[in-house]
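Let's take a walk through a protein structure together, one piece at a time. Keep the 3D view open and turn it as you read.

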Amino acid sequence: MSQNHVDCPKIRSVGLNGVLVTFGDKATDAANRAAIAFRTAVDEQEWPEVMESSSTLVSAFFRTDLAEYSYDRLRARLNEVLQSRDWSNAALPAGRTLWTIPAVFGTSRAPQLAEAAEAAGLTTKEAEAELTATRLRVLTVGFAPGQPYLGTLGTAWDIPRQVGLSPNIPAGALVAAVRQICLFTKDTPTGWRHVGQSAFQCFRPRSDIPFPLSPGDEVQFTSITLQELASIEAHNADGNGAALREVLK
Amino acid sequence: MTGLIVQQIGPGVAVQDLGRPGFLAKGLTTSGAADHRAVYEGAALLRQSTDLAVLEMVSTGGTFEATAPIRIALTGAEMATKINGETAAWNASHLLPANTKLTIGPSRDGTYGYLHVGGGITTKAILGSRATHQSVGLGSLVAAGQTLPIGDDKGKEIGMTLPRDLRFSGGDIRIVASMQTEDFDADIRERFEATVFRRDPRANRQGIRLDSDGTGFSNPKQLSIVSEVIVPGDIQITGDGTPFVLMVECQTTGGYPRIGTVLPCDLPRVAQAPAGATLRFSFVSLGDAAAIQARASAELLKLGHSAKPLIRDPHTMQDLLSYQLVGGMVSAHQSPFEQG
């Protein structure tokens with residue numbers, strides 16, 4: 001593997017609740033792909049000691065009870081899978097979903113597009129073009145149920161969080177920072193900049209698809225007008241926000 | 001269907017169970033009752049499944065009435081309780097006759113009290129659980145005027161009690177190293193263990209803030225870390241050096257470093273510590289932690305063996321209702337008065 005072979009991947013216990021396998025110290029695209037692929041590979045083996053798993057930006061997490069199952073044994077078992085291949089170039093799992101999600105960029109509904117564009121050294125037009133031209137991947141889901149962190153935008157978008165918090169950015173908002181877009185599940189105070197607004201609901205507990213997005217899924221944003229968004233919002237009983245879903249081959 | 005009519009209710013009372021596992025990858029934490037042990041205790045007293053839903057009460061309860069005779073059990077933080085005006089023992093099971101007032105007042109110790117009913121509360125399950133997880137819009141707080149549905153009760157036994165444990169006033173908490181513990185300098189970790197913390201009034205089902213005198217616990221050489229998984233019991237250190245113990249309703253991931261993780265068996269003690277109670281943390285090795293937790297888990301499963309008949313104060317023995325409770329085998333579906 002890479003030259004930090006000794007440090008990463010690294011396996012650590014998390015309380016008595018699970019084991020974490022980390023593929024990088026920084027949130028890189030390669031580490032994220034490795035975490036998603038590794039988690040999928042272990043899940044496919046259906047180990048009885050793993051109750052459930054998840055993946056974060058750079059790690060795969062396996063929930064277990066370390067009072068019942070030996071950490072050393074689980075660590076050895078995970079290490080065996082780790083050594084079985086180079087995870088940094090592993091393919092993403094099959095059967096992932098591509099969502100095409102309409103959103104308004106800028107305007108009164110997403111008032112910080114200009115500010116974010118300026119921080120990225122782009123014009124507002126260029127910024128909107130990049131946000132709708134880039135096929136983004138769900139890097140991880142978290143902070144709120146179903147809420148995706150999408151990446152990875154170009155280096156220009158490595159913009160820091162603003163110093164103060166915006167008190168309440170609405171559900172369905174696209175907010176930008178650190179080369180990622182987060183699509184809010186619910187109204188949230190944030191230091192990320194509000195660049196777009198969709199009517200896509202990330203958590204639909206009473207529907208057939210309570211969590212439309214999973215790590216590894218892909219998202220393509222398309223630009224719509226204020227009027228189009230208003231019309232979508234008026235007929236949004238399914239929470240889809242006029243998004244289209246297709247299964248990736 | 002039998003129901004529990006809610007006449008008056010304190011703030012923050014909600015239906016809970018052992019939570020909603022299986023959705024970590026989707027950003028939804030397991031959640032459930034703040035004091036899992038109390039759920040096991042109620043199930044042991046009523047000799048029923050730990051999967052049945054209960055009522056979690058924060059610092060105070062409410063006034064209730066059942067549409068038919070039901071068995072109840074009271075566990076967790078002790079709250080002044082009366083059935084038809086007569087004091088009802090805490091940490092015990094009782095008969096609540098139909099159309100009889102059950103009043104549960106403020107807590108005397110601890111934070112979370114639990115009302116269990118024979119057959120469990122059978123509100124609609126969402127994503128496989130009845131647990132109320134308010135911050136994400138799953139379920140809502142119990143309101144006055146509501147009638148909570150109750151499931152069929154196959155049990156009969158009442159008048160049982162469990163020995164009271166000491167988890168309601170803070171104390172010593174065992175923690176195990178977590179993924180970022182080594183990132184904290186040894187002297188910070190030692191100072192953390194030596195500090196007597198007070199449970200801040202700012203505490204809820206998501207997290208409990210710990211107060212202490214003196215400087216905080218942020219690490220001077222700490223780099224910004226990538227957001228990583230959170231498990232309940234994690235102790236995160238925020239930017240200003242303040243520790244928070246993350247509780248059942250914590251988020252699934254977070255960007256603050258964790259100095260350690262509370263053992264699951266000690267988490268009820270943290271949850272129940274009332275505002276101002278002192279808490280002290282000490283590290284145990286992963287091996288010791290596993291052994292301590294394994295013993296605690298085994299003990300939880302055997303709680304039923306510890307349930308003993310409630311011995312009544314002789315001064316209350318002349319009371320017919322209480323006397324019947326001593327018998328322990330009164331049918332939950334018949335009025336005790338008809339049998340007396």
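Before we start, a word on strands: two of them pair if DSSP finds at least two bridges between them. Helices (H or I, at least four residues) and strands (E, at least two) are DSSP runs, numbered from the N terminus. What you see is a predicted model, where local features need pLDDT of at least 70, side-chain atom pairs count only at pLDDT 80 or more, and totals for chains, interfaces and linings use all residues. Residues are numbered from 1 along each chain as its sequence is written, while chains are lettered from A and ligands numbered from 1 in the order in which they are written.

Let's begin with chain B and its barrel. Seven strands close up in the order S13-S20-S17-S18-S15-S14-S21 (chain B), and the pairing is mixed. Neighbouring strands of this sheet are turned by 40° against each other on average, direction ignored. Axes here are lines fitted to C-alpha atoms, for helices over the stretch in contact, and angles run from 0 to 180 degrees between N-to-C directions.

Now zoom in on one strand of that barrel, S14 (residues 197-203) of chain B. It runs antiparallel to strand S21 (residues 278-284) of chain B, and 2 bridges join them. Which residue of S21(B) is the bridge partner of Arg198(B)? Look for Thr278(B). Phe197(B), for its part, has Leu279(B) as its bridge partner in S21(B). S14(B) is also joined to strand S15 (residues 207-211) of chain B, by 3 bridges and again antiparallel. There, Arg199(B) stands opposite Leu210(B) in S15(B). S14(B) and S15(B) form a hairpin, with 3 residues between them.

Two helices of chain B pack on the sheet. Contact, here and below, means that the C-beta atoms of two residues, placed from the backbone, lie within 7 Å. Strand S14(B) and S21(B) are paired through 2 bridges, and helix H2 (residues 186-194) of chain B packs on the sheet by touching S21 and strand S20 (258-262) of chain B. The direction of H2(B) makes about 135° with that of S21(B). Helix H4 (residues 286-301) of chain B packs on the sheet too, touching strand S13 (171-176) and S21 of chain B, and its direction makes about 120° with that of S13(B).

H4(B) turns up again where the two chains meet. In all, 33 residues of chain B are in contact with 39 residues of chain A. The largest share of chain B's side, 6 residues, comes from H4(B). By class, the residues of that side are 19 nonpolar, 11 polar and 3 charged. In this count, Ala, Val, Leu, Ile, Met, Phe, Trp, Tyr, Cys and Pro are nonpolar, Asp, Glu, Lys and Arg are charged, and the others, Gly among them, are polar.

Next, the domains, whose bounds come from an automatic or database domain assignment. For chain B, the assignment gives domain 1 (3-165 + 310-339) and domain 2 (171-300). Their contact takes 18 residues from domain 1 and 13 residues from domain 2 of chain B. On the domain 1 side, the largest share, 3 residues, comes from helix H1 (residues 36-46) of chain B.

Is H1(B) enclosed or open? A residue is buried if 20 or more other C-beta atoms lie within 10 Å of its own, exposed if 12 or fewer, and partly exposed in between, with C-beta atoms placed from the backbone. By that rule 11 of the 11 residues of H1(B) are buried, so the helix is largely enclosed by the rest of the structure. Right after H1(B) comes Arg47(B), with a positive phi near 50°.Over in chain A, the assignment gives domain 1 (3-89) and domain 2 (97-247). Their centres, taken over C-alpha atoms, are separated by 29 Å. The contact takes 6 residues from domain 1 and 7 residues from domain 2 of chain A.

Finally, find helix H4 (residues 124-133) of chain A. Ala127(A), Glu128(A) and Leu131(A) are buried there. They cover an arc of only 95° around the axis, which puts them on the same side of H4(A); the arc is that of the directions from the helix axis to the C-beta atoms. Lys125(A) and Ala133(A), on the other side of H4(A), are exposed. Strand S12 (193-198) of chain A is included in what covers the buried residues of H4(A). S12(A) is itself mostly covered, with 6 of its 6 residues buried.
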